Amino acid sequence: MSVNDLKELLHKQIDLLQDPEDVQDLFLTVSDFVGQRKLWDKESPEFLAKLRRIAESVQTGSATTPNAQVMLEAKQWITK
């Protein structure tokens with residue numbers, strides 16, 4: 001499937017959305033996705049340094065979210 005075909009299908013799906021909150025959620029998600037794609041050159045020193053900091057914080061446990069908290073937030077998100 002071509003990029004244009006996929007874009008057309010995506011536009012059709014968006015047109016089906018009626019709830020303003022759904023449209024806003026989608027907008028924020030797409031904006032974040034596009035922003036992240038533009039922000040980081042995967043070989044830049046800044047990106048690699050950020051990855052190292054994240055890896056270090058995960059290893060020390062300072063950047064993780066407890067599983068129970070993730071499950072609670074997921075349940076709340078799913079039931080919206």
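Which residues form a negative surface patch? The patch is formed by Asp19, Glu21, Asp22 and Asp25. The structure is a predicted model, in which local features need pLDDT of at least 70, side-chain atom pairs count only at pLDDT 80 or more, and totals for chains, interfaces and linings use all residues. Residues are numbered from 1 along each chain as its sequence is written, and side-chain values use heavy atoms, with hydrogens and water left out.

**View 1. The negative surface patch and aspartate 22.** Patches consist of residues with over 30% relative accessible area and no salt bridge, like charges being joined within 9 Å and nonpolar side chains (Val, Leu, Ile, Met, Phe, Trp, Tyr) within 5 Å. Asp and Glu count as negative and Lys and Arg as positive, while His and the chain ends are not counted; each charge is placed at NZ of Lys, CZ of Arg, CG of Asp or CD of Glu. Aspartate 22 belongs to helix H2 (residues 20–39); helices are DSSP runs (H or I, at least four residues), numbered from the N terminus. Aspartate 22 is partly exposed because its relative accessibility is 36% (buried is under 20%, exposed over 50%, partly exposed in between; 1.4 Å probe, protein chains only). Accessible areas come from the Shrake-Rupley method, and for residues only the protein chains shown count as cover.

**View 2. The salt bridge of helix H1.** A search of the whole structure finds 1 salt bridge, defined as a side-chain nitrogen of Lys or Arg within 4 Å of a carboxyl oxygen of Asp or Glu. The side chains of glutamate 8 and lysine 12 form this contact at 3.4 Å, N to O. Both residues lie in H1 (residues 3–16), 4 residues apart, about one turn of the helix. Glutamate 8 is partly exposed at 45% relative accessibility, and lysine 12 is partly exposed at 47%. Of the 14 residues of H1, the number buried is 0, so the helix lies largely in the open. The end C-alpha atoms of H1 are 20 Å apart, in agreement with an expected span of 20 Å (1.5 Å times one less than the number of residues).

**View 3. Helix H3 and its nonpolar surface patch.** Leu48, Leu51, Ile54 and Val58 make a nonpolar patch of about 310 Å². Leucine 51, a residue of H3, is partly exposed with a relative accessible area of 40%. For the 16 residues of H3 (residues 45–60), the expected span of 22 Å agrees with the 23 Å between the end C-alpha atoms. Just after H3, glycine 61 adopts a positive phi of about 85 degrees.

**View 4. Glutamate 73 in helix H4.** Glutamate 73 is located in H4 (residues 67–78) and is partly exposed, its relative accessible area being 42%. Glutamate 73 and glutamate 21 are separated by 52 residues in sequence and by 18 Å in space, C-alpha to C-alpha.

Methods: Accessible areas come from the Shrake-Rupley method with a 1.4 Å probe; for residues, only the protein chains shown count as cover. Helices (H or I, at least four residues) and strands (E, at least two) are DSSP runs, numbered from the N terminus.
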